[in-house]
Amino acid sequence: MIPVSRGGRRPVARPSAAAARGRRIATPYLLLLPAGAMYAVFTVYPLFRQFDISFYNWHIFPGASNPFTGLSNYSQVLHDPVVRTAALNTLLYTVITVPAQMLLGLVAAAMLTDRLPGRALWRALIFIPVVTSWVIVSYIFAYLFNAQDGLANSVASLLAGHAMHIDWLAQTWTGNAVIWLVGIWKGVGWSFVIFLAALDGMPRDLVEAGRIDGASEPVLWRKVIIPSIRPAIVFVLVLLVIGASQVFTQVYLMTQGGPYDSTQVLYTWAYQQAFTNFEFSYAAALASLIAVVVLALSVAEVQVLRRNPGG
Amino acid sequence: MALRRNRPGLTACAIGCAALALTACSSSSSSSSSPSSTSSSSAAKTVTLQFWSAYNTTDAEASTMANVVIPQFERENPGIKVDSVVYPYADLLQKFLAAAAAGDPPNIMRSDIIWVPQLASQGVLLQLGNLPWYSPIAAAALPGPLATTKWQGQAYALPLDTNTQALYWNKTDFKAAGLAGPPTTLAQLYADAAKLTIKSKQQFGLGVDGTDIWNVAPYIWSNGGGFTNASYTSATGVMSDSGTMAEVSTLANLLKAGDIGSDFRGGSGAVSGETGFPKGEYAMYLDGPWAVPTYTALQPPPDYGIAPVPSGAAGSISTVGGEDLVIPKNAANLAATEKFAQFLDSQFAQLAMAKVGQMSAIATFGAQEVAATPYYSTFVQQLKTAEARPVSPGYTKLDTDFSNELEMIIDGKVSVSAGLSAAAQQSNTALSGS
C-alpha cells in the first residue's frame, strides 16, 4: 500500500543532494554525447587512421597485407615536384582569396549596416553564392570561361574589336585566376554575414563619441571599429585560411589540375593519388602533412592576433 | 623486418565512408535496385547475383544485357537471378572500391581493361587462371584482350568485349581534294592531311582526340615507337626512343601547321572527332566502332569510309580497348557467379551484345559478328595486330605523365627529347609497383 501524507497527497520523493549534483554534472555531457560520438567516429578516428595508414603500403581490400614502410611515403611526398606546384598554388589561393574575401565582405557589411535602399535585397544577393552548390558554381564558371562561346570571351572580343577564343581554363595563370575568382565570389557572402553581425553588435556610442571628438572615418575604423570587431576578424581569418587550404571542388571540376598539373592544388593531388592511382598511403601522408601545417598555421594566427591587439 | 598488419573492420568503414562522401555529388545509379542488396533469397533458395557495369543506357547496350542476355541465363540456370546494376563510367571504379573496402562488393563486375592490374595489385580480385573453365575461354580469346587480363603472370579477369580504332575518312572531302582513297601509310596520311586542310572552312585534315596514350598510341606504335618494355617495368629507352620521338615531332609539327584540329591539345574549346567529323571539321580521324550507329542516325548521314590505321615502319598497329569481367575475392555465391561469367563469354551472349556495339573478345565469334554487323570487318581485321596499353597498376599515372609532357611539348615549354625523357623518368616511378 502506498503511504499517503496527511494532506492525502502522495509524498514527492526528494532526490538526494549527491544525485542532483551527479545529474547536474552529467547533463551537459549527455547533451554533447551524440555530437561528440559523431565527431569521434567521423572526424577523430579517420584522422588518426589516416596518420596510421601513412606509415604503410596500405591496400583498400580487407585482409590484404599492408607492409610497414616507415617514412617512405613522407619522403616521396616531399620529393614530388607536383606537390611543390600544388603547395604553391594552394598558398597563392590562400594569399589571394582570403584577404579579398575579408576586405570585400567587410566593405559590403559596412555599407549595408547603414540605411541603404533595398538593404534586405542586397544582403540576400551577397549571401546567395554561399548557399549555392560548389558543383553548380564550378560548372557555371567553366561555361562562362569556355573558349568557344563563353561570356568572358564575348566581353574580351567586344573590347578587342575582333573575335577572341582564349582558352582560359587550359592555361596556367588564367586557369588559376578563374579558380581564385570562383573562391572569392562564392566566399564573400560568408565573411559579409559574420562582419555584419559583428558591426551590428558593436556599441554605437563608441563610434558616435569618436565622431563628436572629430575623428575622421579612417581613424574611426583603425582606432575604434576594427579593434571592436577583432574577435570576428580572427574567427573569419582562421576559418578562411583553413577553408582555403582545403580548396578542391572548383579545381577538380574546372581544370582537373591541368594543364600538365600546373593548376593542381594539394587536395586534388591527394584525391588523384588515392582514388585514381590507388596510392592511398601516399595520399594519407600528404593529407597528414597538410593537417599539421594548417593546424600550426591556425594556432599561430590566433596567438599572433591575440598577443597584438593593437594591430 | 617488414611488419604486416590487417585491420579490415573500422578501416574499411572509414575509407568506404570517405569514398562515398567524395562521390556523393556524382550522378546516381540507373539501376532499378539497390547496389547493396547482394543476397540470396533463402525463402525460394534463389541466389541473386549483383552484376555491376557501365553499359551505355542511352542506346541498346544496357537494355540488351537486362532484357536479352540475363533472362536467357536465368532460363538456363533456374535458381540464379542476376541483378544488373549500371553506373556511369566515371563512378563505377569508386563505387566498386567503396563496396570492396566495406566488404560488400558485387559478385561480378564488367571492368575497364585498364583497371584490372590496378585492382589486382590491391588484392581485390580473385585469380581466375586456376579455375577449370578458364583455359578454354582464354585459348579462344583474341591475344590483345587476353593480355589485359594478366598481372604478374596471373590471370585476374576474363576477356569480355573489345574494340579498337580504325581510320574514318570523309569521301566527299577526299574527292574535293582530288584524293582517290584512304591513305595506307603514315607518310601518306600526313601528306593527305595537309592537302585536306582548308583553313577558311575550318576544315582540318586530321583529328587526334587528345594527348593520352589511347589516342596517340596507334601513330607511335605503327612508327616503331612505344611506351614501356615488354614486361611493363620500365619506360627508359622506349618512351624516348627514336620511333616515339619522330612520331611525336611529326604530330606536334602538324598541329603547329594547322593540319590537326583543336581536339589534340584539348581544352574547353576542343571539338572531338566524333562531333567534328560529320560536320566536316575533320577529314580523317581514328575512332572505334561505336561511331557508326551515331552517324547512321544522322540526317543526312556523312559519306564516309573506314580503313585500317595507316602503316608505318612497324606495320598497322591500333590500341586495344574494351572490358573484362572481374570477380572480387571472397565474393558470395562463387559457383553461381562462375556460371554467369562463363555464360557472358558464350556464343549467345557474345553475339547478342555484338549486335549492339560490343565486339566479342573471343576470336572464334569474329566471323559471325561480322556477318551480323558488316561494319565490324575493318575493326576485326585491325584487332589482329592491335596492342594493349601498358598492363600495369601504374598505367593511369603513366598515361597522365606522358600526356602532360606531350602537352608541354605542344605548348613549346620543352623540347621533344627533354619532354619524352622526363615522361620516361616519371613513368618509371609509376611502373615501379608492377
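A residue counts as buried if 20 or more other C-beta atoms lie within 10 Å of its own, as exposed if 12 or fewer do, and as partly exposed in between, with C-beta atoms placed from the backbone. By that yardstick B:Asn330 is partly exposed, because it has 14 C-beta neighbours inside 10 Å. The model here is a predicted one, where local features need pLDDT of at least 70, side-chain atom pairs count only at pLDDT 80 or more, and totals for chains, interfaces and linings use all residues. As for labels, residues are numbered from 1 along each chain as its sequence is written, while chains are lettered from A and ligands numbered from 1 in the order in which they are written. Helices (H or I, at least four residues) and strands (E, at least two) are DSSP runs, numbered from the N terminus.

**A helix in chain A**

- Helix α10 of chain A covers residues 230-245, which makes 16 residues.
- At 1.5 Å a residue, α10(A) should span 22 Å, and its end C-alpha atoms are indeed 22 Å apart, so the two agree. The expected span is 1.5 Å times one less than the number of residues in the helix.
- Look along α10(A) and you'll find buried residues at A:Ala232, A:Val236, A:Leu240, A:Ala244 and A:Ser245.

**The parallel strands of chain B**

- Strand β3 of chain B (residues 46-53) has 6 of its 8 residues buried, so the rest of the structure largely encloses it.
- β3(B) pairs with strand β4 of chain B (residues 80-86) in the parallel sense, over 7 bridges. Two strands pair if DSSP finds at least two bridges between them.
- B:Leu49 has B:Val82 in β4(B) as its bridge partner.
- Put helix α2 of chain B (residues 61-76) together with β3(B) and β4(B), and you have a right-handed β-α-β unit. Right-handed here means that, with the strands pointing away from the viewer, the path from the first strand over the helix to the second runs clockwise.
- Strand β5 of chain B (residues 108-112) also pairs with β3(B) in the parallel sense, over 2 bridges. In β5(B), B:Met109 is the residue opposite B:Trp52.

**The antiparallel sheet of chain B**

- Chain B also has an open sheet of 3 strands in the order β10-β9-β11, with antiparallel pairing.
- Its edge strands, each pairing on one side only, are β10 (284-287) and β11 (304-307) of chain B.
- From one strand to the next, the twist averages 30 degrees. Axes are lines fitted to C-alpha atoms, for helices over the stretch in contact, and angles run from 0 to 180 degrees between N-to-C directions.
- Strand β9 of chain B (residues 166-170) is joined to β11(B) by 4 bridges, and the two run antiparallel. B:Tyr304 in β11(B) stands opposite B:Asn170.

**B:Lys171**

- B:Lys171 belongs to helix α7 of chain B (residues 171-176).
- It is partly exposed, with 15 other C-beta atoms within 10 Å.
- Leaving out residues up to four places away in sequence, B:Lys171 touches B:Asp303, B:Tyr304 and B:Gly305. Being in contact means that the C-beta atoms of two residues, placed from the backbone, lie within 7 Å.
- B:Phe264 is 93 residues from B:Lys171 along the chain, and their C-alpha atoms are separated by 22 Å.

**Two domains in chain B**

- Chain B is assigned domain 1 (27-163 + 321-383) and domain 2 (166-319 + 394-431). These bounds come from an automatic or database domain assignment.
- Taken over C-alpha atoms, the centres of domain 1 and domain 2 of chain B are 30 Å apart.
- Where they meet, 14 residues of domain 1 of chain B are in contact with 14 residues of domain 2 of chain B.
- On the domain 1 side of that meeting, α4 (116-121) and α16 (377-383) of chain B are the elements that give two or more residues. The largest share, 4 residues, comes from α16(B).

**Backbone spots to look at**

- A cis peptide bond, with omega about 0 degrees, joins A:Gly258 and A:Pro259.
- A:Pro259 sits in the loop between α11 (249-254) and α12 (266-276) of chain A.
- A:Asp261 lies in the loop between α11 and α12 of chain A, and its phi is near 65 degrees, a positive value in a residue other than glycine. A:Asp261 is buried, with 22 other C-beta atoms within 10 Å.
- In chain B, the peptide bond from B:Gln299 to B:Pro300 is cis, with omega near -5 degrees. B:Pro300 is in the loop between α12 (291-296) and β11 of chain B.
- B:Asn330 has a phi near 65 degrees, a positive value in a residue other than glycine, and its place is the loop between β12 (321-326) and α13 (334-344) of chain B.
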